Amino acid sequence: MRIREDDGDRLVLAGPPGGRGTVALMLVVGVALGLGAAGFAIVIWPDEGPWAALPPAVVSACGVAILIWGVLTALTTDRLELDRVTGTGRWTRRRLGRTVARPIEFPLARIHRIRLQRFVDAAPTGRGGSSEKVRAVLAIKGVRRRIVLDEAEVQRESRVRAVADRVGRLVGVSVQDRG
């Protein structure tokens with residue numbers, strides 16, 4: 001998520017779940033699998049017959065499913081509102097104007113941890129391997145869901161840290177760096 005509003009006592013973050021990189025990856029993989037496998041099925045159909053074209057057609061269908069998932073994720077927005085004056089926070093997830101997850105409302109005093117986490121994303125990156133990422137996670141006492149404030153590749157850690165630090169200053173919680 002990115003900071004959308006910041007007036008000192010009220011902070012609003014919004015963005016797609018998992019970050020824009022995840023959405024872009026799903027769209028690219030979906031198009032590549034969908035078109036590549038469909039093209040392969042069309043090429044082998046005349047010589048090998050329909051049964052030989054069935055496996056690439058299934059892969060193509062998987063690619064289309066990933067593409068649809070990517071589009072739906074791109075149309076989904078997580079929103080986190082933190083208000084120091086009222087002492088409350090609210091997290092919502094919406095898709096096409098409709099709420100798709102139960103909103104979470106909580107007192108700011110229940111926020112007990114903001115943690116930076118580094119991890120390896122095993123998803124293909126187009127460079128022949130996995131990518132190292134960092135995310136800032138907000139933990140709230142009594143709430144099972146951990147709210148991802150921001151996520152990016154390790155090279156953009158300063159952006160993730162800036163969001164975590166700003167939320168931490170607002171709620172009075174220091175950011176824990178966990179490698």
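Colleague: What makes V64, I68, V71, L72, L75 and L96 a nonpolar patch on the surface?

Modeller: In this predicted model, these six residues together have about 510 Å² of accessible area. Members of a patch must have over 30% relative accessible area. V71, one of the residues in the patch, lies in helix α2 (residues 50-74).

Colleague: Why is V71 called partly exposed?

Modeller: The relative accessibility of V71 is 38%. Buried means under 20% and exposed means over 50%, so V71 falls in between and counts as partly exposed.

Colleague: How do you know that strands β3 and β4 pair?

Modeller: Two strands pair if at least two bridges are found between them. Strand β3 (residues 76-83) and strand β4 (residues 88-95) have 8 bridges, in the antiparallel sense, and therefore meet that requirement. As one example, T77 has R94 of β4 as its bridge partner. The hairpin of these strands has 4 residues between them, and in it G87 takes a positive phi near 75°.

Colleague: What other strands pair with β4?

Modeller: Strand β6 (residues 104-107) runs antiparallel to β4 and is joined to it by 4 bridges. Among the bridge partners are G89 with F106 and R90 with E105. Strand β5 (residues 98-99) also pairs with β4 in the antiparallel sense, over 2 bridges; because at least two are required, this count suffices. There, R94 is partnered by T99. In the hairpin of β4 and β5, with 2 residues between the strands, L96 takes a positive phi near 50°.

Colleague: Which residues of β6 lie on its covered face, and which on its uncovered one?

Modeller: I104 and F106 make up the covered face, whereas E105 and P107 make up the uncovered one.

Colleague: Why is the contact between R166 and D6 called a salt bridge?

Modeller: Side chains of opposite charge can pair when their charged atoms come close. The nitrogen and oxygen of R166 and D6 are 2.7 Å apart; the limit is 4 Å, so the contact qualifies. R166 lies in helix α3 (residues 157-171) and D6 in strand β1 (residues 2-6), so the salt bridge ties together parts that are 160 residues apart in sequence. R166 is buried, with a relative accessible area of 10%, whereas D6 is partly exposed at 39%.

Colleague: What makes R118 and D177 a salt bridge, and where do they lie?

Modeller: Their closest N and O atoms are 2.6 Å apart, and because the limit is 4 Å the pair qualifies. This pair links distant parts of the chain, with R118 in strand β7 (residues 111-121) and D177 in strand β10 (residues 175-178), 59 residues apart. R118 is partly exposed at 28%, as is D177 at 43%.

Colleague: How do you know that R161 and E157 form a salt bridge?

Modeller: The N to O value is 3.9 Å; the limit is 4 Å, so this pair also counts. R161 and E157 both lie in helix α3, 4 residues apart, about one turn of the helix. Salt bridges that share partners also join E5, R10, R79 and E81 into one network. The structure holds 13 salt bridges.

Colleague: What makes R135 a charge over the ring of F119?

Modeller: The charged end of R135 is 4.0 Å from the centre of that ring. The distance limit is 6 Å, so the distance requirement is met.

Notes. Residues numbered from 1 in each chain as written. Predicted model: local features only at pLDDT ≥ 70, side-chain atom pairs only at ≥ 80, totals over all residues. Heavy atoms only, no water. Lys NZ or Arg CZ within 6 Å of the ring centre and 35° of its normal. Patch = residues over 30% accessible without salt bridge, like charges linked within 9 Å, V, L, I, M, F, W, Y side chains within 5 Å. Areas by Shrake-Rupley, 256 points an atom, 1.4 Å probe, with all protein chains shown as cover. Salt bridge = Lys/Arg side-chain N within 4 Å of Asp/Glu carboxyl O. Buried < 20%, exposed > 50% of the residue type's maximum accessible area, 1.4 Å probe, protein only.
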